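Dear colleague,

Please find below the structure that I am handing over to you. I would be grateful if you could look through it alongside the notes that come after it.

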Amino acid sequence: MGLQLHSADFLNDDGVTYCIKRESLDQDFTIYEKRGEEWVDSGLDQAVQDLNFGEFKRLGLLIKRIMDQDDWIA
């Protein structure tokens, strides 16, 4: 698909639906999880701030899976 602003919805093994998106091609993307009908920031930036390497790794691997499935070029 090439460069994108928003990925397709991704249903993870944990039963949660995720997506990655960004406002413009010049910006970094953020990973969101669906709670009810709303998309909520999954806390990647917070994990980095808190030096929570376990959560950072989990979200990073999830981002890679979404990008691989959606054929992103980042």
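The notes below go from the chain as a whole to the sheet, and then to the contacts between side chains.

**The chain as a whole**

Please keep in mind that this is a predicted model. The chain contains two helices and four strands. Read from the N terminus, its elements follow the order β-β-β-β-α-α. The radius of gyration is 12 Å, close to the 11 Å that the globule rule gives for 74 residues, so the chain is as compact as a globular protein of that length. Along the principal axes, the C-alpha atoms occupy a box of roughly 30 × 25 × 20 Å. Of the 74 residues, 31% are buried. Among the contacts with a separation of 6 or more, 39% are between residues 24 or more positions apart.

**The sheet**

The four strands make an open sheet in the order S1-S2-S3-S4, and their pairing is antiparallel. S1 and S4 (38-41) are the edge strands; each has a single partner strand, so one side of each is left without a neighbour in the sheet.

Following the sheet from S1, the pairings are as follows. S1 (residues 10-11) and S2 (residues 17-21) are held by two bridges in the antiparallel sense, and Leu-11 stands opposite Thr-17 in S2. These two strands form a hairpin with five residues between them. In the turn of this hairpin, Gly-15 has a positive phi of about 85°.

S2 also pairs with S3 (residues 30-35), again in the antiparallel sense, over four bridges. Here Lys-21 has Thr-30 in S3 as its bridge partner. S3 in turn is joined to S4 by four bridges, and these two strands run antiparallel. One of the pairs between them is formed by Tyr-32 and its bridge partner Asp-41 in S4. Helix H2 packs on the sheet and touches S1, S2 and S3, with a direction that makes about 80° with that of S2.

**Arg-65 and its surroundings**

Which residues does Arg-65 touch, leaving aside those up to four places away in sequence? They are Phe-10, Asn-12 and Asp-13. Arg-65 itself lies in helix H2 (residues 53-70). Although Phe-10 and Arg-65 are 55 residues apart along the chain, their C-alpha atoms are separated by 9.0 Å. With Asn-12, the side chain of Arg-65 makes a polar contact of 2.8 Å.

With Asp-13, Arg-65 forms a salt bridge in which the closest N and O atoms are 3.9 Å apart. This pair links distant parts of the chain, 52 residues apart: Asp-13 is in the loop between S1 and S2, whereas Arg-65 is in helix H2. How do the two residues fall, as buried, partly exposed or exposed? Asp-13 has a relative accessible area of 71% and therefore counts as exposed, the cut-off being over 50%. Arg-65, at 38%, is partly exposed, because this value lies between the 20% limit for buried residues and the 50% limit for exposed ones.

**Other salt bridges**

The structure holds four salt bridges, including the one between Asp-13 and Arg-65 just described. Two others are worth setting out here.

Arg-35 forms a salt bridge with Glu-33, with 3.0 Å between the closest N and O atoms. Glu-33 has a relative accessible area of 13% and is therefore buried, since buried means under 20%. Its partner Arg-35 is partly exposed, at 49% relative accessibility.

The other joins the side chains of Asp-68 and Lys-64, at 2.5 Å from N to O. Why are Asp-68 and Lys-64 separated by about one helical turn? The reason is that they are four residues apart in helix H2. Asp-68 is partly exposed, with a relative accessible area of 46%, and Lys-64 is likewise partly exposed, at 46% relative accessibility.

**In brief**

To conclude, the model shows an open sheet of four strands with helix H2 packed on it, touching S1, S2 and S3. Between that helix and the loop joining S1 and S2, the pair of Arg-65 and Asp-13 links distant parts of the chain.

With kind regards

Note on methods. Residues numbered from 1 in each chain as written. Predicted model: local features only at pLDDT ≥ 70, side-chain atom pairs only at ≥ 80, totals over all residues. Heavy atoms only, no water. Pairing = 2+ DSSP bridges. Contact = heavy atoms within 4.5 Å. Polar contact = N/O pair within 3.5 Å; in protein donor to acceptor, adjacent residues only side chain to side chain. Buried < 20%, exposed > 50% of the residue type's maximum accessible area, 1.4 Å probe, protein only. Axes fitted to C-alpha atoms, helices over the stretch in contact; angles between N-to-C directions. Rg over C-alpha atoms; globule rule 2.2 N^0.38 Å.
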